[in-house]
Structures are given as C-alpha cells and as structure tokens.
Amino acid sequence: MKRDYRVQPSQASAQESLAGAVGLVGDHLISLKGLWPRRADYAELPRSWGRDLLAGVTVGVVALPLALGFGVASGAGAAGGLITAVVAGIVAAVFGGSHLQISGPTGAMTVVLLPVIAQYGVQQVPLLAVLAGVLVVLMGLTAMGRAIEMVPFPVVEGFTTGIGAIILLQQCPLLLGAPKGESESTLMATYQTLQHTDWPAAVWPLMVAGLTVVLHLPGRRFPKLPISLLAIAVATVVVELAALPVERIGALPSGLPAPALPAFDLVTLQDLAAPALAVAALAALESLLSARVADGMVPDIGRTQPDRELVGQGLANLASGLFGGLPATGAIARTAVNVRSGGRTRLASITHAVVLLAIMLALGPIVSRIPLAALGGVLVVVALRMVNPAVFRTIFRTTRADRNTFVITLLATVFLDLVAAVLLGAAMAAMMSLRHMAKYSIVRRQYLPADTREGVIDYTPEQERLRDRIAIFRVDGALFYGDASRFTDLVTGVEGVAVVILRFHRMHILDASGGEALKDTVRQLSRRGIAVIAQGMTKAQLRTVTSMGALDPALHVLELSQAIQRAAALVDSDGRRR
C-alpha cells in the first residue's frame with residue numbers, strides 16, 4: 001500500500017494554518033469564552049448544598065490556624081493572612097475553574113514572600129499581589145493553563161518536599177521565641193536565629209509548640225476533627241492558665257479594610273517586576289497542581305478548566321492586594337479537607353471564607369491571645385506531612401532519570417528559590433527525556449533484499465554489480481540535536497561505495513540540528529566523490545532540509561525502488577560513479 005505523502009500542508013496552507021491559529025488566539029482573548037462564571041457551576045447544588053455547607057464550615061475551622069500561621073510566617077502578620085484567606089477564598093471560588101479548590105495563603109507563597117519583604121518592606125506586599133494577579137490573569141487569557149500537564153511527577157514531588165523542608169526551617173523564630181535572621185537564604189536565616197536565641201527563655205515556646213505537635217498525633221485516627229484548631233485551643237488555654245511568657249498574635253482587625261489601590265511609582269514597579277513574575281509563576285503552578293490533585297480525588301465531578309482557574313486565581317490575587325492582603329494560591333491541604341468533608345460545589349469554598357470572616361468579626365479578641373509558638377507547631381506538622389517517605393521509596397525504585405530530577409528539584413527548592421527549582425527540574429526532566437529518545441533513534445546500515453511497503457526490494461540481475469557499490473542507511477525515530485553527530489559519524493564512515501541512499505521513511509522528528517547534520521554529511525561524501533540520494537521524507541521534512549541548503553530536492557525520491565534506479569543511473573559498468 002502506498003504511503004500518502006500529503007500529510008503535511010504546503011507552504012501556503014501552513015501560512016493559512018498559522019493565521020488560523022493566531023485568529024483562534026485572538027478570538028479567545030476577545031471573547032473570553034468559557035472563562036467566566038456560569039449557571040452550570042452550581043448544577044449539583046440542589047443535591048449537595050447540605051454537604052457543601054458542612055464541608056465549608058469544616059474547612060474554615062481548619063484554615064483558621066493555617067491562615068494565621070502563614071500570615072505570621074511571611075512577616076505580614078496574622079491579620080494579613082486572615083484577610084487573604086477571606087478575600088481570595090471568595091473570589092477564587094466564584095471565578096476559578098475548579099469546583100473544589102480552596103484558596104488562600106500557603107507555605108510555598110510564604111517562602112517566596114520572605115526575601116521580597118526583607119528587601120522591599122512589608123508595605124509593598126499588597127502591590128506585589130496586585131501585579132502578580134494581573135500576570136496570572138494574562139496567563140489564563142493566553143491559554144497557558146495546559147502547561148501544568150508538562151510538569152513531570154518527580155518535579156512536583158521534589159518541589160513539594162523542598163517546600164516542606166523550608167517551612168520547617170522557617171518556624172525556628174516562632175518555636176524559639178527568637179528574632180528572625182536577616183539573610184534571604186532560609187538556611188542562613190535559620191543559622192542566624194540559632195545564634196541569637198536566648199536558650200533559657202526558649203524553653204517556654206518550645207514546650208508550647210511541642211504540646212501542639214503532640215496533640216496532632218491522634219489526628220489520623222479522627223480525620224474529621226479540626227485537630228489543628230483543637231490543638232491551638234488547648235495550647236492557648238494552657239498558656240493563659242499558666243501565664244507562660246510567650247509571645248501572642250496580637251490585635252486583629254474588626255473587619256475587612258476598605259479596598260484601595262496600593263500606592264506605587266515607576267521605580268517601585270520596576271523593582272517589583274521580577275518578584276511579581278516569581279509570585280505569579282508560583283501562584284499558577286501551585287493552584288493548577290492543587291486542582292489536578294482534587295480532580296483525581298473526585299473523578300465524577302467536572303474537571304478543572306485550567307485557563308479559567310488561572311483567571312480566577314489572578315483575580316483573587318488582585319482582590320487580595322486591593323484589600324491589603326497577601327498573594328494567594330490554591331491550597332492542596334485545605335482542598336483535600338474540602339473533598340474529604342463532602343464538598344462538591346463552589347458553595348463549600350465560599351462558605352469557608354464566610355466562616356473565617358465571621359471569626360474575624362466576632363472572635364477577634366480571643367484569637368489575638370493565641371501563642372505564636374502554637375502556630376509554629378501547627379506549621380511544623382504541615383511541613384512534616386509534606387515530606388512523604390512513600391514518595392521517596394516510589395521514586396527511588398524507578399529510573400535514574402526520575403531520581404536525579406527529584407533530587408535536583410528538591411535541592412534547588414531548598415538552596416535556590418521555588419520558581420528556579422521548578423524550571424531546573426523541568427529542564428532536567430526534558431534533558432533526560434531527550435537522552436532517552438536519542439537511545440531509541442536508530443541509524444543503521446541496511447542490506448537488500450528489504451521488505452518495504454512496495455514489497456520485497458532487491459537488485460535486479462542487471463543491477464547486481466551495484467551490491468557492493470551502494471550503501472543504504474535507514475533513520476528510525478528522530479534526527480535531532482540529541483543524535484545528529486552520531487548520524488554524521490556513522491554515514492560518513494562508509495568506505496568503498498559510489499552512492500549512499502539515506503532512507504527517512506521512518507523518521508518522525510527532524511529539527512535544525514538534524515538538517516545541519518544532513519548538510520554536513522552530504523558535503524563530506526560529495527568531497528569524496530560519493531553521491532547521496534534521500535528517500536521517504538515528508539513534504540515538511542523536505543521543505544526544512546531544502547530551506548537549509550542541506551539537500552537538493554532533485555536528489556529526493558519517495559520509494560526505495562526509485563532510489564535504486566537513480567543510483568544505478570549514477571554508476572557506470574565498472575561500478576564507479578559517472
């Protein structure tokens with residue numbers, strides 16, 4: 001059966017396709033189709049509203065200590081964390097692309113914010129949230145949500161484990177009641193904290209944090225209990241009754257502040273451009289990862305729309321900044337609690353934010369008495385749960401490439417920064433994949449007879465004299481930068497022939513490096529008086545090598561039998577090239 005070589009479009013049709021693609025993007029940006037709330041978002045509400053309300057209350061109770069803790073850990077204060085959880089939680093629930101996502105301040109975002117606050121001051125955090133929000137919205141509008149599917153599993157797990165290690169180190173000031181180190185490096189800041197710790201006085205906050213951690217131990221037996229809240233409540237009562245000398249959260253706002261655009265100037269925008277890009281990248285990455293996890297937990301619920309989720313998270317960050325809050329992302333732990341508690345629609349996410357707002361309005365004086373060491377203990381538990389030994393065992397039982405990618409991402413997360421860690425991990429995974437693909441890209445010499453789609457091809461009796469004067473090489477898989485030099489070395493190493501036939505009918509990938517390798521190969525063989533005939537390229541591949549000057553189109557044929565006939569015409573009766 002003949003192969004149809006009209007698979008690839010012509011140059012004109014390629015331009016038309018490109019124009020069509022641009023048109024689709026343009027329509028997407030103009031129409032915003034599918035990126036806004038609609039009635040179908042609440043189709044399950046009549047059947048699940050009771051469970052959604054209960055799940056929302058449960059998540060709100062669980063989220064309270066985390067919102068307070070991450071606000072304090074970031075340096076913006078407990079009030080900032082609470083405002084972020086309320087405002088971003090509601091906006092992301094309404095506008096986001098996930099039915100299950102719970103958004104708010106997270107440990108990963110705290111890690112990114114600390115060096116920014118140290119350099120530019122806490123007063124710039126709302127503006128940073130606004131800038132990052134605009135960038136995340138643009139990511140959604142330009143359909144970048146699908147990029148999360150390209151992040152490999154070892155990168156995700158190395159990133160998550162690294163964040164857990166950093167969150168654990170960041171709790172040292174709260175656990176020890178000591179001043180926070182001034183270094184932007186988490187490891188160095190922890191060392192500075194240990195150097196300036198008053199160890200006799202540190203006994204009390206350590207005891208409070210230890211009590212909070214111990215009270216979490218029964219949590220796995222009673223997964224529906226808000227164990228973090230109960231642990232903090234017990235620790236607060238103990239501290240109050242014993243009048244222990246530990247630092248408290250302090251006064252909280254009695255309500256949400258009025259929204260206002262943060263003050264800025266051109267210099268400030270330039271200074272915050274790079275941090276805003278890092279925050280936006282993290283907000284997009286963590287939110288989409290969290291939504292993907294939630295989708296896997298409840299397969300019967302509509303899947304997350306990644307582009308809409310980015311738009312929703314961007315608007316959530318924008319709103320949080322306008323109210324004076326922190327940058328926010330989807331929170332994996334709180335989202336998981338929502339799913340396990342029965343949440344199935346956005347009502348659960350909205351309810352969780354309303355519960356936090358009610359606590360802010362009605363219980364502010366009580367919350368202000370919570371010891372900071374107790375919040376540190378809660379975050380220690382969160383960090384330890386992010387380090388999953390089972391994942392270590394799984395990854396280290398797989399391929400060396402997966403192990404290397406995991407370890408590099410983990411180390412980069414701890415020693416560099418989160419965005420660099422993901423980029424480095426993804427680059428490492430890509431390199432390993434290319435190396436793997438190169439192993440399965442085969443260039444080998446072929447001898448006749450050969451079984452082809454035309455049937456069995458062999459030299460005719462009249463062509464038998466050519467058997468030792470024609471060398472046939474077949475390229476399977478890819479001719480790309482990963483194995484271009486190997487192709488050149490193998491083909492140009494041929495001796496004692498007059499014609500080389502290069503069969504590309506099984507080549508699926510050809511890049512510029514492959515085209516350059518072909519050009520170099522043809523040049524070297526021509527200098528030795530050896531003719532080259534190419535067979536079986538698609539129109540797109542032929543167009544590529546022609547535009548690069550690697551091959552004369554007249555030297556290309558579709559079938560092997562045509563290549564043999566062309567080679568026979570180039571060789572005289574003595575077996576020499578004419």
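This passage walks through several helices, their contacts and a few backbone features of a predicted model.

A good place to start is helix α11, which spans residues 266–297 and takes part in two of the helix pairs described here. Two packed helices are described by the angle between their axes and the distance between the axes. For α11 and helix α5, residues 125–141, the axes come within 8 Å and cross at roughly 55°. An angle between 35 and 65 degrees counts as oblique, and α5 and α11 are therefore oblique to each other. The crossing of α5 past α11 is right-handed. On the α5 side, the contact is made by L127, L128, L131, A132, L135, V136 and M139. Their partners in α11 are T268, L269, L272, P275, A276, L277, V279, A280, A281, A283 and A284. Sorted by class, this contact holds 17 nonpolar residues, one polar residue and no charged residues.

One of the α11 residues in this contact, L269, offers a closer view. L269 is partly exposed, as its relative accessible area is 28%. Leaving aside residues up to four places away in sequence, L269 touches L131 and F264. The C-alpha atoms of L269 and L128 are 9.0 Å apart in space, while the two residues are 141 residues apart in sequence.

The second partner of α11 is helix α12, residues 306–322. Here the axes come within 10 Å and cross at roughly 125°. Angles from 115 to 145 degrees also count as oblique, so α11 and α12 are oblique to each other as well. This crossing, too, is right-handed. From α11, the residues involved are A283, A284, S287 and L288, and they meet P306, E309, L310, Q313 and N317 of α12. By class, five nonpolar, three polar and one charged residues make up the contact of α11 with α12. A283 and A284 of α11 thus appear in the contact with α5 and again in the contact with α12.

Between α11 and α12 runs a loop, and T304 lies in it. Is T304 buried or exposed? With a relative accessibility of 13%, T304 counts as buried, because the cut-off for a buried residue is under 20%. Apart from residues up to four places away in sequence, T304 touches G97, S98, A291, D295 and E309. E309 is also one of the α12 residues that meet α11.

Further along the chain comes helix α14, residues 346–362. How far should its 17 residues span at 1.5 Å a residue? The expected span is 24 Å, and the end C-alpha atoms are 24 Å apart, so the two values agree. The buried residues of α14 are R346, A348, S349, T351, H352, A353, V355, L356, I359 and M360. An α-helix has 3.6 residues a turn, so residues three or four places apart point the same way. The cover over the buried residues of α14 includes helices α2 (45–74), α3 (78–95), α12, α13 (332–340) and α15 (364–367), along with strand β1 (103–104).

Helix α22, residues 539–547, has A540, Q541, L542 and V545 as buried residues. These pack against β7 (499–510), α21 (512–527) and β9 (556–557). Just after α22, G549 takes a positive phi of about 75°.

Some other backbone features deserve a look. Most residues other than glycine have a negative phi, and most peptide bonds are trans. Against that background, A143 has a positive phi near 60°. A143 sits in the loop between α5 and α6 (153–170) and is partly exposed, with a relative accessible area of 39%. A243 likewise has a positive phi, of about 50°, although it is not a glycine. A243 is found in the loop between α10 (227–242) and α11, and at a relative accessible area of 59% A243 is exposed. A cis peptide bond, with omega of about 10°, joins L448 and P449. P449 belongs to the loop between β3 (442–446) and β4 (450–452).

Finally, V214 gives a sense of distance across the model. V214 lies in helix α9, residues 199–215, and is partly exposed, with a relative accessible area of 49%. The C-alpha atoms of V214 and V475 are separated by 63 Å, and the two residues are 261 residues apart along the chain.

Technical notes:
Residues numbered from 1 in each chain as written. Predicted model: local features only at pLDDT ≥ 70, side-chain atom pairs only at ≥ 80, totals over all residues. Heavy atoms only, no water. Helix = DSSP H or I, 4+ residues; strand = E, 2+ residues; numbered from the N terminus. Expected span 1.5 Å × (residues − 1). Buried < 20%, exposed > 50% of the residue type's maximum accessible area, 1.4 Å probe, protein only. Contact = heavy atoms within 4.5 Å. Axes fitted to C-alpha atoms, helices over the stretch in contact; angles between N-to-C directions. Left-handed = near helix turned anticlockwise from the far one by under 90°. Nonpolar A, V, L, I, M, F, W, Y, C, P; charged D, E, K, R; others polar.
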